[in-house]
Amino acid sequence: MTTVALPPVPQKIGVFGNYFAQPGFNTLVLKEKIMSLSGDSFDIRMKETGQPIIKVQGKVIGSKKTASDSLTNQHLWTMGREYMHLHTTYALKDANGAIVLEVRSGLFTLLGAKATATVTNPNSGRTTVLKLKGNFLDTSGEIVDDSTGAVVAMIRRKLLNSGELLFGQQTYEVTVAPGVDMALISALCICLDEMKNEGCC
């Protein structure tokens, strides 16, 4: 799978300061672990080095997932379904309980599924609206900054082998633009995966 380089974003986008993408080291591999005893979980590694950076644990019951740093075990975020919304919505809370990402499903179109994500930096209060473009149901998609049109990440779903098809596992490669928070983008991709499994993205 060919990796496409993305230009740096004009202004940093994100929340988790230790995870901003750098030039040359900005492609993530998200590997789903369906058979985990704790529910659907993910291992997230850097493609360029193979280094694990984030581990995501799912719950057997419900949609809640928690993420921590692979090396330090520091808690990063908790993700869960929000039910008091017209459209399917997932919220991401940081270690302090602040909502830093809200992902809402959109409508199906001939060009693919749509979803909108709102990033809120709890320190500055700055919000950024990101939109999914492309067909996440198929093999690829782009996440675009709605205010600038800049592509902040490109998602590619790897073709499944027979074992992955049998157990429903997914593997995604996500190239993140320098200056964009990789922990946040990986969480957004997992939200989209949950929505896809529910048939709404």
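Let's start with N121, which is buried in this predicted model, with a relative accessible area of 17%. That counts as buried because the cut-off is under 20% relative accessible area. If you want to find N121 on the screen, go to the loop between β8 (115–120) and β9 (127–135).

So what does the side chain of N121 reach at 3.1 Å? That would be the backbone oxygen of G14. A polar atom of the N121 side chain also lies 3.3 Å from the backbone nitrogen of S124. If we leave aside neighbours within four places in sequence, the residues in contact with N121 are G14, V15 and R126.

Keep V15 in mind, please, as we turn to the pockets. V15 is among the residues closest to the centre of the largest pocket, together with F16, Q74, L76 and D94. In total, 13 residues line that pocket, and its space comes to about 230 Å³. By character, the lining has 6 nonpolar residues, 6 polar ones and 1 charged.

The second largest pocket holds about 160 Å³ of space. Its lining includes N18, Y19 and F25, then M46, T49 and Q51, and also D69 and M182. Here the split is 7 nonpolar, 4 polar and 1 charged.

Now for the inside. How many cavities of 30 Å³ or more does the count give? The count is 1, and the largest cavity has a volume of about 40 Å³. We meet β8 and β9 again here: along with α2, each of them supplies at least two residues of the lining. Among the lining residues you can pick out A115, T116 and A117, then L130, K131 and L132, and also L188 and L192. The lining divides into 8 nonpolar residues, 1 polar and 1 charged.

That brings me to the core. As a general point, nonpolar side chains in soluble globular proteins tend to be buried together. In this model, the largest nonpolar core has 50 residues, and the members touching the most others are W77, V174 and I185. Which helix gives the most to this core? It is α2, residues 182–197, with 11 residues.

Let me finish with V174, and again I'm skipping neighbours within four places in sequence. V174 is in contact with N26, T27, L28 and L30, with A153, M154 and I155, and with I185 and C189. So if you have the structure open, V174 and I185 make a good pair to show together, being in contact with each other and both among the core members that touch the most others.

Definitions and conventions: Residues are numbered from 1 along each chain as its sequence is written. This is a predicted model: local features need pLDDT of at least 70, side-chain atom pairs count only at pLDDT 80 or more; totals for chains, interfaces and linings use all residues. Side-chain values use heavy atoms; hydrogens and water are left out. A nonpolar core is a set of buried Ala, Val, Leu, Ile, Met, Phe, Trp, Tyr and Cys residues joined through side-chain atoms within 4.5 Å. Buried means under 20% relative accessible area, exposed over 50%, partly exposed in between (1.4 Å probe, protein chains only). Helices (H or I, at least four residues) and strands (E, at least two) are DSSP runs, numbered from the N terminus. Contact means heavy atoms within 4.5 Å. On a 1 Å grid over the protein atoms alone, a cavity is a set of points where a 1.4 Å probe fits but cannot get out, and a pocket is an open set with protein on both sides within 12 Å along at least five of seven lines; lining residues have an atom within 4 Å of a point. Grid points are joined across faces, edges and corners, and a volume is the space filled by probe spheres set on the points. Ala, Val, Leu, Ile, Met, Phe, Trp, Tyr, Cys and Pro count as nonpolar, Asp, Glu, Lys and Arg as charged, and the others, Gly among them, as polar. A polar contact is a pair of N or O atoms within 3.5 Å; within protein, one must be able to donate a hydrogen and the other to accept it, and residues adjacent in sequence count only if both atoms are side-chain atoms.
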